[in-house]
Protein chains: 2
Amino acid sequence: MYYIGIDVGGMSIKGGLTDGDGKLLYTDTVVTAGAYTEEHTISEDIHKLTAKLIEGAGIDEKELKGIGIGQAGSIDSERGIIRYWNNIPMENVHVREEMAKYHKAPVFIDNDANVAALGEYRFGSGKGYDNLIFVTLGTGVGSGIIIDGKIFRGVEGAGAEAGHMVIMAGGERCNCGRRGCWEAYASASALIRQTKAAIAAHPESAMARIAEEAGEVNGITAFKAAKEGDEAAKAVVDKYIDYVGEGLVSLANIFRPRAFLIGGGISKEGEYLTAPLQHKLDTENFGSKFNPEVVVKPAILRNDAGILGAVALAMQGTDN
Amino acid sequence: MYYIGIDVGGMSIKGGLTDGDGKLLYTDTVVTAGAYTEEHTISEDIHKLTAKLIEGAGIDEKELKGIGIGQAGSIDSERGIIRYWNNIPMENVHVREEMAKYHKAPVFIDNDANVAALGEYRFGSGKGYDNLIFVTLGTGVGSGIIIDGKIFRGVEGAGAEAGHMVIMAGGERCNCGRRGCWEAYASASALIRQTKAAIAAHPESAMARIAEEAGEVNGITAFKAAKEGDEAAKAVVDKYIDYVGEGLVSLANIFRPRAFLIGGGISKEGEYLTAPLQHKLDTENFGSKFNPEVVVKPAILRNDAGILGAVALAMQGTDN
């Protein structure tokens, strides 16, 4: 019994074929078209990849039990439709239906953060936590919520957008149009903005030197300088982690999961990031001592998160 | 077939007995003891009331199918235990077990906001909305969350505390110990504090006069003055409604329910409160036009909300 997991990105589509235990047997990639039309939808390119995977792994297609697809944008997972995506613009693409032309195996599609959450729950650092929230700190702040072992999506799959919970009413403008969203404070993009402001205020800091040497300010600039003992950088990092923590404590009070899993590039900071977050949760949680603990851990699937999450989606969809 | 609903408050315990459709046949009240002990727990007083209800309604106890109890504090609904309550201090009261000494009918207990949400869903303004969030604007901000027709509680019933979602990081101190919680801005207590501050700044305002005539500042002072056209009061009300809305939009993005039901004394303001909230939701929701609408309505069960919610809890527990 085999499964395929597909991870659709803006530049390329990555895929992997696994056995029934989620062990990757073969992976491959195809580039996306710059634009798609009603005649040439993304399903065609996804099929190019599934065909390569089946051929590459050398399996009999009859033994392919399910195909999972993780993809950003607004997804109607119940009907298997990409409602819209703004990265490579598309609307109302009936992926499940279109893929049925190519494969007998059922196709499941879901939002990338949901899929990554399910993957961490099944194969990663979320194992054993039936109730968890996966938070990815990247360009934005994505969230995937697992309740009793299942993805929580909200009505028509339009929920689980915790990045657009306000933590600072009237604060920084967010891409969604609101002011003060968690994403506007806790994303890697926000950290870069915060780092740039601190560099402008402290041009003599180690942080400024590190940025100059690297030729850019990125998500690790402040962390690197802080670890060298730079005070200006420490202030940036402390404040940033506190913003991340504000959202986590709120979500703990709302959902009371067993665990938070932190993904995205910044999660590579490991304990340097998670230890203060754990402290904040332990001390600021509602009814702290009386209520069950919520653990913070880095996500661990990294580059394979999208593929393995999509495999987990296919497995859950086919009751494995 | 009959049900009993019990609504435990700090001063008194209210109860009602209904038929299988939730029609109230008899209601009564007992006062709570000022303190309870391990020997004399609240179960004894709850039983005083259930006995009065059965006698008053003149039913045969064999036809009593279930007893529901709604109560503030931390409740372990699965095991039927009051974990702790700070109002009349108690810890680890095994209500279900204790009540089994008196009645054969099964006993269900849950947090008051959860119970109220279920009551509005079954008998009130939430009818037909399988996914809804009940928000009560009172001394605090309580929330009850219904997902697919069932109460969402979080791990060990410790979730659904949306009042302790931060909307203003580092802002007003909340009773829970955090700063900037929604409750610290959107509760009736917060509104009273905001009204008092505005009266101090505008002693000449109609709002100041209304407060003086009433001999106090309460949750309707600013609303009343705003409706008379008082500018200072309008500013208070607009700002307050905006705080309420900040939390609602965040919860819409996180849960994407079909409806918000607003309860508590302030919900008596009706459309004056809900119309601007609806506008804010419609315009600030994530992916507004593309995503399903979330409706804001006042809760309607009012004084009977606790009793009827507890009846709904008993009905759901006994699969009616």
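**Entry 1: a charged pair in chain A**

Buried means under 20% relative accessible area, and exposed means over 50%. I keep that cut-off at hand for a model that is predicted. I looked up A:D76 first. Its relative accessible area is 9%, so A:D76 is buried. Then I asked which side chain A:D76 meets in a salt bridge. The partner is A:R79, at 3.0 Å from N to O. A:R79 counts as exposed, because its relative accessibility is 54%. I noted a general point here. Side chains of opposite charge can pair when their charged atoms come close.

**Entry 2: two pairs in chain B**

I moved on to B:D28 and B:K52. Their side chains meet in a salt bridge, 3.8 Å from N to O. B:D28 sits in strand β3 (residues 24-31) of chain B and B:K52 in helix α1 (residues 42-57) of chain B, so this pair ties together parts 24 residues apart in sequence. I checked how open each one is. B:D28 is partly exposed at 23% relative accessibility. B:K52 is partly exposed too, with 36%.

Next came B:E213. It forms a salt bridge with B:R209, and the closest N and O atoms are 3.5 Å apart. Where do B:E213 and B:R209 lie? I found both in helix α6 (residues 206-214) of chain B, four residues apart, which is about one turn of the helix. An α-helix has 3.6 residues a turn, so residues three or four places apart point the same way. B:E213 is exposed, with a relative accessible area of 61%. B:R209 is partly exposed, with 37%.

I also wrote down the total. The structure holds 32 salt bridges over all chains.

**Entry 3: where the chains meet**

I turned to the interface. I counted 38 residues of chain B in contact with 38 residues of chain A. How much area do chain B and chain A bury between them? The value is about 3600 Å², with 61% of it on carbon and sulfur atoms. In chain B, the residues that lose the most area to chain A are B:V155, B:R178 and B:I254. Together they make up 19% of what that side buries.

Then I looked for charges across the interface. The rule finds six salt bridges between chain B and chain A. I picked out B:E156, which forms a salt bridge with A:R258, the closest N and O atoms being 3.3 Å apart. The rule also finds 22 residue pairs in polar contact across this interface. Which elements of chain B supply at least two residues each to the side that touches chain A? They include β6 (81-85) and α8 (231-255). The largest share, seven residues, comes from α8(B). By class, that side of chain B has 21 nonpolar, nine polar and eight charged residues.

One network went into my notes as well. A:R178, B:D242, B:E246, B:K280 and B:E284 are linked by salt bridges.

**Entry 4: the nonpolar cores**

In soluble globular proteins, nonpolar side chains tend to be buried together. I looked up the largest nonpolar core and found 110 residues in it. Which of them touch the most other members? They are A:W182, A:F255, A:F260, B:W182, B:F255 and B:F260. Apart from this core lies another one, of 30 residues. Among them are B:V8, B:L17, B:I54 and B:I75.

I then checked helix α6 (residues 206-214) of chain A. A:A206, A:M207, A:A208, A:I210 and A:A211 are buried there. The buried residues of α6(A) pack against α5 (188-201), α7 (221-227) and α8 (231-255) of chain A. After α6(A) comes A:G215, with a positive phi near 75°.

**Entry 5: single residues**

I looked up two residues that have a positive phi although neither is a glycine. A:E156 has a phi of about 55°. I found A:E156 in the loop between β11 (150-152) and α4 (183-186) of chain A. A:E156 is partly exposed, with a relative accessible area of 41%. B:N92 has a phi of about 50°. Its place is in strand β7 (residues 90-93) of chain B. B:N92 is partly exposed, with 47%.

Last, I looked up A:E38. Is A:E38 buried or exposed? A:E38 is exposed, with a relative accessible area of 75%. I found A:E38 in the loop between β3 (24-31) and α1 (42-57) of chain A. From A:E38 to A:M315 I noted 277 residues in sequence and 30 Å in space, C-alpha to C-alpha.

How values were computed
Residues numbered from 1 in each chain as written. Chains lettered and ligands numbered in written order. Predicted model: local features only at pLDDT ≥ 70, side-chain atom pairs only at ≥ 80, totals over all residues. Heavy atoms only, no water. Salt bridge = Lys/Arg side-chain N within 4 Å of Asp/Glu carboxyl O. Buried < 20%, exposed > 50% of the residue type's maximum accessible area, 1.4 Å probe, protein only. Contact = heavy atoms within 4.5 Å. Buried area = accessible area lost by both parts, 1.4 Å probe. Polar contact = N/O pair within 3.5 Å; in protein donor to acceptor, adjacent residues only side chain to side chain. Nonpolar A, V, L, I, M, F, W, Y, C, P; charged D, E, K, R; others polar. Core = buried A, V, L, I, M, F, W, Y, C linked by side-chain atoms within 4.5 Å.
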